[in-house]
Amino acid sequence: VLTVNLEDYFQVGAFNQYVQSNKWGRFECRVEHHVSRTLDLLDQHGAKATFFVLGWIAEHYPHVVAAVAERGHEIASRGYYHRSVAGLTPEEFRRDLDRAKAAIERITKRKVIGFRTADGWLKPADLWVLDVLADAGYQYDSSICPVGATWFREPARRFPHPIHIQNRTLWEVPLSSARFLGVDFPIAGGNWLRQMPRWLMSRLMNRWMQKHESPLVMYFHTWELDPEQPRLTSAGFMTRMRQYRNLNQKVARLGK
């Protein structure tokens with residue numbers, strides 16, 4: 001199951017302390033460029049994906065979101081702004097959900113049924129989010145990525161599974177992970193696919209395919225296909241390494 005986080009390079013969670021959402025308009029927009037490159041790569045391999053889109057992107061660059069839908073890909077939501085659900089109340093989260101959903105549906109003319117949190121992954125304390133999603137009529141969520149020991153005591157959450165909430169069924173579709181010595185190691189793409197040796201990630205993905213009946217669920221960001229993106233030099237060394245290391249290899253790694 002292939003998923004894509006559609007966002008621009010200055011909207012990533014690692015830059016939240018340097019770039020607030022009210023400053024986004026000051027940065028060079030690259031979203032049209034790297035989304036086009038993403039769509040061409042998917043066409044090249046005959047692949048379809050679910051794109052998780054920020055409502056802000058849909059509102060400011062509707063032609064980009066329309067192009068994704070016209071190429072036959074599903075459009076799902078990441079909320080309106082790139083922020084963590086941990087800093088929101090259920091009421092604030094619902095308003096953010098509704099605003100993003102309205103912006104996306106105006107463009108695609110299709111109902112938005114899926115959600116993924118924009119900044120970070122859900123932790124046990126954040127599971128109230130699933131109640132709000134079910135109440136809002138969403139059919140699935142993909143906001144759990146087992147990392148470390150967070151979900152060690154609930155191994156079933158590593159695989160797609162239905163959750164029954166108030167007479168509604170919401171499917172959770174977590175990112176895939178490998179488990180070693182009680183620790184979950186993400187193998188689902190994103191930053192991990194750029195930072196870790198390609199042979200190791202390929203081996204872990206193949207092991208998943210051989211061992212589990214559940215599909216491998218992976219993801220990447222559109223900006224990862226844009227090695228020419230402007231550099232934010234004010235960010236710390238580790239943040240810059242996380243953002244920029246091996247960008248020039250990402251297209252080849254995804255193709256492989």
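**Pockets, ring pairs and backbone features of the predicted model**

Helix 1 (31–44), helix 7 (198–211), strand 10 and helix 9 (250–255) each give at least two residues to the lining of the second largest pocket. This pocket belongs to a predicted model, and its space comes to about 470 Å³. Its lining is made up of 20 residues, and Met 205, Met 218, Arg 253, Leu 254 and Lys 256 are the closest to the pocket centre. Helix 7 provides the largest share of this lining, with six residues. Sorted by class, the lining holds 13 nonpolar, four polar and three charged residues.

The largest pocket comes next. Its volume is about 560 Å³, and 29 residues line it. Nearest the centre of this pocket lie Trp 121, Asn 191, Tyr 219, His 221 and Arg 242. Two or more lining residues come from each of helix 6 (190–195), strand 10 (218–221) and helix 8 (237–244). Strand 10 therefore appears in the account of the largest pocket as well as in that of the second largest pocket. The classes in the lining of the largest pocket are 13 nonpolar, nine polar and seven charged residues.

Enclosed space was examined too. Rolling a probe the size of a water molecule over the atoms reveals where empty space remains. Across the whole structure, the search returns one cavity of 30 Å³ or more, and the space inside the largest cavity is about 50 Å³. Its lining consists of Arg 78, Gly 79, Tyr 81, Arg 83, Val 85, Leu 88, Phe 93, Asp 96, Phe 115, Thr 117 and Ala 118. Six of these lining residues are nonpolar, two are polar and three are charged.

Two of the residues that line the cavity, Phe 93 and Phe 115, lead on to the aromatic rings, where they are joined with Trp 128 and Tyr 138 in a cluster linked by ring pairs. A pair of aromatic rings is described by how far apart the centres lie and by the angle of the planes. In this structure there are eight aromatic pairs. One of them brings together Trp 56 and Tyr 61, with ring centres 6.2 Å apart and planes at 55 degrees; the pair counts as tilted because this angle is neither under 30 nor over 60 degrees. Trp 56 has a relative accessible area of 8% and is buried, whereas Tyr 61, at 22%, is partly exposed.

A second example, the pair of Phe 93 and Trp 128, is edge-to-face, with 5.7 Å from centre to centre and 90 degrees between the planes. What parts of the chain does this pair link? Phe 93 lies in helix 4 (residues 90–108) and Trp 128 in helix 5 (residues 128–135), so that distant parts of the chain, 35 residues apart, are linked by the pair. Phe 93 is buried, with a relative accessibility of 2%, while Trp 128 is partly exposed at 23%. Elsewhere, a charge meets a ring: the charged end of Arg 99 sits over the ring of Tyr 80, at 3.8 Å from the ring centre.

Turning to cysteines, how many disulfides does a search of the whole structure find? The search finds zero. Cys 29 has a relative accessible area of 28% and is partly exposed. Cys 145, in contrast, is buried, with a relative accessible area of 7%.

The backbone offers a last point of interest. Most residues other than glycine have a negative phi. Asn 167 is not a glycine, yet its phi is positive, near 65 degrees. This residue sits in the loop between strand 6 (161–165) and strand 7 (168–172). Asn 246 likewise has a positive phi, of about 65 degrees, without being a glycine, and its place is the loop between helix 8 and helix 9. Are these two asparagines buried or exposed? Asn 167 is exposed because its relative accessibility of 89% is over 50%. Asn 246 counts as buried because its value of 15% is under 20%. The helices on either side of the Asn 246 loop also take part in the pockets, with helix 8 contributing to the lining of the largest pocket and helix 9 to that of the second largest pocket.

Definitions and conventions: Residues numbered from 1 in each chain as written. Predicted model: local features only at pLDDT ≥ 70, side-chain atom pairs only at ≥ 80, totals over all residues. Heavy atoms only, no water. Phe/Tyr/Trp six-rings, centres within 6.5 Å; stacked < 30°, edge-to-face > 60°. Buried < 20%, exposed > 50% of the residue type's maximum accessible area, 1.4 Å probe, protein only. Helix = DSSP H or I, 4+ residues; strand = E, 2+ residues; numbered from the N terminus. Lys NZ or Arg CZ within 6 Å of the ring centre and 35° of its normal. 1 Å grid on protein atoms, 1.4 Å probe; cavity = no way out; pocket = protein on both sides within 12 Å on 5 of 7 lines; lining within 4 Å. Points joined across faces, edges and corners; volume = space filled by probe spheres on them. Nonpolar A, V, L, I, M, F, W, Y, C, P; charged D, E, K, R; others polar. Disulfide = S-S within 2.5 Å.
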